[in-house]
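Ready for a little practice at reading a structure? Take a look at what is shown here, then try the exercises.

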Amino acid sequence: MCGIVGYIGPREATPILLNGLQRLEYRGYDSAGIAVVNGALHVRKKKGKVKELARLIAESPVAGQLGIGHTRWATHGAPDDVNAHPHMAGNLQFAMVHNGIIENYAALREKLIRKGYQFTSQTDTEVLVKLIEDVKSTTQLSLDAAVMQALTQVEGTYGIVLISHEDPDLLIAARNGSPLILGIGQGEYFLASDASPLVEYTKQVVYLNDGDVLTVRRSGFEIKSLDNQLLKPEVHELEMELEAIEKSGYDHFMLKEIMEQPESIRNCLRGRIRLEENMIQLGGLSDVMDRLLAAKRIVIAACGTSWHAGLVGEYLLESLAGIPVEVEYASEFRYRNPILSKDDVVMVISQSGETADTLAAVREAKNRGALTLGICNAVGSTIARETDAGVYLHAGPEIGVASTKAFTAQVTVLTMIALRMGQGRTITAAEMTTYLQELADIPEKVSEVLKLNNDIKALAPMYRYASNFLYMGRGYHFPVALEGALKLKEISYIHAEGYPAAEMKHGPIALIDEFMPVVMIANRDAIYDKVVSNVEEIRARKGSIVAITDEGNHDLDRLCEKVFHVPHTVDFLMPLLTVIPLQLLSYHVAVLRGCNVDQPRNLAKSVTVE
Ligand code: G6P
């Protein structure tokens with residue numbers, strides 16, 4: 001949430017900052033701004049998307065080889081020009097961008113107002129800027145030392161970057177809870193909230209840790225702790241490629257990412273399915289496998305789409321590995337005194353690896369002695385680093401705010417964990433052979449499902465003006481129904497709810513009439529007949545039904561507006577196929593409604609505030 005960038009080096013900063021902000025725009029797009037040092041500090045900021053800022057800069061250019069930039073997802077104060085970052089010290093000496101929330105900002109603001117400071121914005125960020133200014137002027141400390149001292153008075157989360165016109169060879173950054181990555185070039189350095197703005201300039205990066213304060217000059221950089229101890233940085237090599245973060249001819253990142261799923265699932269499986277040895281190998285879990293196998297219970301904590309993947313994981317782990325599983329909203333988990341012991345495993349799922357609530361769940365679980373496992377996509381992300389062990393998705397960067405390929409990769413990883421845990425225990429060798437072959441065939445079957453794209457696009461006009469939708473499924477398909485409903489509401493703003501199909505008669509059936517479209521996931525599994533009864537009940541009340549079923553099943557044709565067929569596989573792998581038509585349906589309906597599919601209103605991809 002909120003994207004921040006910084007540059008120091010020999011090149012013009014502005015194009016690098018604007019380019020970086022465009023790459024980070026998925027983190028927030030309420031306003032954007034930059035500050036560049038060139039004798040004095042030059043600030044340009046504007047409500048709206050980065051392109052509005054670019055337009056402003058085209059009219060009123062700024063030059064300089066040191067700069068910072070910000071794209072905002074508003075927390076404190078409306079999204080307008082004044083609240084946009086960067087924020088300046090009252091004496092215009094330095095400028096700062098911030099991602100996070102200063103929780104004690106109200107008390108600090110009061111104190112500063114009593115000292116005579118005036119505020120132009122409603123942001124918590126300006127309070128931190130003025131606090132640093134106050135520390136600096138009362139102590140005569142250097143800017144980096146004043147930053148350190150001011151931060152000791154702050155409660156909350158921050159990733160901050162500062163520049164000052166007094167020193168055109170200095171960029172300062174600090175982190176607590178909000179991600180920051182330093183990119184190391186030849187005589188130049190880049191800072192960003194994630195790796196996407198860095199990848200076209202350098203592959204050498206340092207991930208800042210909580211409590212780090214970074215000072216960068218063209219000649220080198222230093223990382224210190226808040227108590228001024230020099231720390232030894234670890235330099236990592238980025239594996240990301242530039243084309244992975246570009247649209248490559250697609251109209252939207254979301255469509256590109258839906259279409260990439262055969263490849264992203266293949267990458268997720270690579271090296272982990274061992275068909276010849278009839279086993280699953282998960283290198284990231286090998287050190288903790290004994291403890292995982294001995295666990296009495298697994299608690300899965302996650303948010304949004306990742307939480308839905310967690311629900312599929314519950315079905316998978318209970319049925320394939322025979323272990324009790326509870327799935328928690330990460331945001332609720334730590335506030336309800338969870339009962340955890342050393343025998344429990346807390347597994348968190350997060351595409352970004354930066355979601356504040358999920359990270360808080362990891363820390364809570366660690367405090368209570370549980371083993372923590374992370375299922376993350378973003379390599380080097382905070383959750384990936386703070387968990388005891390984990391499995392990366394290897395799905396490649398996901399840019400569209402609505403998660404698609406991360407969901408299928410998360411379910412793939414959970415399937416592999418369940419199979420690995422059941423290996424030699426609940427799963428026989430013969431079953432394992434079948435399961436592994438079916439899993440290996442999934443990318444090909446996903447490609448088959450994607451061929452439905454044109455048919456789904458042709459159906460979308462029928463639902464363009466719908467105001468409500470119900471999604472239903474049972475067993476493994478109940479979480480898929482939740483995910484289908486979430487996709488539709490996120491990007492098309494149509495109200496949609498997901499339900500277990502059998503619950504329909506306990507409430508949602510009251511909503512059904514000819515204006516209520518229902519998406520029903522109905523495969524021929526053990527409870528198929530019951531789902532067909534639910535379809536009949538909806539039809540009897542004139543509901544318009546779109547069904548997703550397995551190939552060769554024509555029972556539903558007479559009852560439904562449209563039936564989409566997906567290839568058959570074992571029941572527990574079906575969610576990887578049935579979710580795809582739902583992703584495509586939401587995409588095409590949203591496009592027809594003229595919605596901004598990749599940047600839906602009010603949402604952000606990486607929610608780094610609580
Ligand atoms: C936000 C995004 C969702 C995502 C959720 C969890 O709400 O808009 O798409 O599912 O955060 O994100 P994570 O990165 O932890 O999976």
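Below are three short exercises on this predicted model, each with a worked solution.

A few ground rules: residues are numbered from 1 along each chain as its sequence is written. In this predicted model, local features need pLDDT of at least 70, side-chain atom pairs count only at pLDDT 80 or more, totals for chains, interfaces and linings use all residues, and side-chain values use heavy atoms, leaving out hydrogens and water.

**Exercise 1.** Find which residues come nearest to the ligand, and sort its shell by class.

*Solution.* Start with the 14 residues around the ligand: Ser306, Ser350, Gln351, Ser352 and Thr355 come nearest. (A residue is near if one of its heavy atoms lies within 4 Å.) Next, sort by class: the shell has four nonpolar, eight polar and two charged residues. Finally, look at helix α9 (residues 304-321), which gives the largest share of the shell, three residues.

**Exercise 2.** Track down protein atoms that lie close to oxygen atoms of the ligand.

*Solution.* Try Ser350 to begin with: a polar atom of its side chain is 2.6 Å from a ligand oxygen. Then check the backbone: an N or O atom of Thr305 lies 3.0 Å from an oxygen of the ligand, and a polar backbone atom of Val401 is 3.2 Å from one.

**Exercise 3.** Is Asp344 buried or exposed?

*Solution.* First, place Asp344 in strand β20 (residues 344-350). Its relative accessible area is 7%, so Asp344 is buried (under 20%, with a 1.4 Å probe and protein chains only). Last, spot its partner: the side chains of Asp344 and Arg297 share a polar contact of 3.2 Å (a pair of N or O atoms within 3.5 Å, one able to donate a hydrogen and the other to accept it; residues adjacent in sequence count only if both atoms are side-chain atoms).

Key. Helices (H or I, at least four residues) and strands (E, at least two) are DSSP runs, numbered from the N terminus. Ala, Val, Leu, Ile, Met, Phe, Trp, Tyr, Cys and Pro count as nonpolar, Asp, Glu, Lys and Arg as charged, and the others, Gly among them, as polar. Buried means under 20% relative accessible area, exposed over 50%, partly exposed in between (1.4 Å probe, protein chains only).
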